[in-house]
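Grab a coffee and work through a few exercises on aromatic rings. Each one has a task, then a solution in steps.

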Amino acid sequence: MFQLGSVFIPVTNLEKSKKWYEEHLDVQEIDSWEGGAGFFFPQGSAQFGLIEVTRPQPTEFEINKSEKNSYFNFVVNDIEAAFQRLNDAGIETTDIQGFGGMKHFDFFDPDQNVFSVVDEDLNSPFHKENVRKQQEQMRAK
């Protein structure tokens, strides 16, 4: 019944951020409104929105005093290519790390919002093909 529709990101300069996200994440604008804009990705059904705010706000939460986690991540098929593309564009990133059957790194937008990029191993239960199989099994019941 429910599915993810849109994810919203707080930005302090909507026009600058629209250009940045279009250039670096390949999103395409659907429409804009006073103080915001909505986008779609070339693949997938989730939409992406930018909302203009007066001050930067966190896109991550604290797990413990030394560890944070972003609220969502971006999935890619080739993490090395995504990492290289962002680095070639001068975007701040962390190093690629392995964790539980996936590789990941973080990057930062112009407001220093932090986002995680992941590449799931084909054998991971979280890989999109394995999740799709689980969804099909659930619908068949």
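Rings of Phe, Tyr and Trp (its six-membered ring) count as a pair if their centres lie within 6.5 Å. Keep in mind that this is a predicted model.

**Exercise 1.** Find out which residues form one aromatic cluster.

*Solution.* Start with the count: the rule gives 15 aromatic pairs. Then look at the cluster, which is made up of Trp20, Tyr21, Phe39, Phe41, Phe48, Phe72, Phe74, Phe107 and Phe115.

**Exercise 2.** Classify the pair of Tyr21 and Phe115: stacked, tilted or edge-to-face?

*Solution.* The centres are 6.5 Å apart and the planes make an angle of 75 degrees. Planes over 60 degrees apart count as edge-to-face, so that is the class for this pair. Next, place the rings: Tyr21 sits in helix α1 (residues 14–25) and Phe115 in strand β10 (residues 114–120), so the pair ties together parts 94 residues apart in sequence. Both Tyr21 and Phe115 are buried.

**Exercise 3.** Do the same for Phe48 and Phe74, and work out whether each is buried or exposed.

*Solution.* Here the centres are 6.1 Å apart with 55 degrees between the planes, and the pair is tilted. Phe48 belongs to strand β4 (residues 47–52) and Phe74 to strand β7 (residues 73–75), so this pair links distant parts of the chain, 26 residues apart. Now the cut-off: buried means under 20% relative accessible area. Phe48 has 2%, so Phe48 is buried, and Phe74, at 12%, counts as buried too.

**Exercise 4.** Where is Tyr71 found, and is Tyr71 buried or exposed?

*Solution.* Tyr71 is in the loop between β6 (67–70) and β7. Its relative accessibility is 54%, so Tyr71 counts as exposed. Together with Phe61 and Ile63, Tyr71 forms a nonpolar surface patch with about 310 Å² of accessible area.

Terms used
Residues numbered from 1 in each chain as written. Predicted model: local features only at pLDDT ≥ 70, side-chain atom pairs only at ≥ 80, totals over all residues. Heavy atoms only, no water. Phe/Tyr/Trp six-rings, centres within 6.5 Å; stacked < 30°, edge-to-face > 60°. Helix = DSSP H or I, 4+ residues; strand = E, 2+ residues; numbered from the N terminus. Buried < 20%, exposed > 50% of the residue type's maximum accessible area, 1.4 Å probe, protein only. Patch = residues over 30% accessible without salt bridge, like charges linked within 9 Å, V, L, I, M, F, W, Y side chains within 5 Å. Areas by Shrake-Rupley, 256 points an atom, 1.4 Å probe, with all protein chains shown as cover. Salt bridge = Lys/Arg side-chain N within 4 Å of Asp/Glu carboxyl O.
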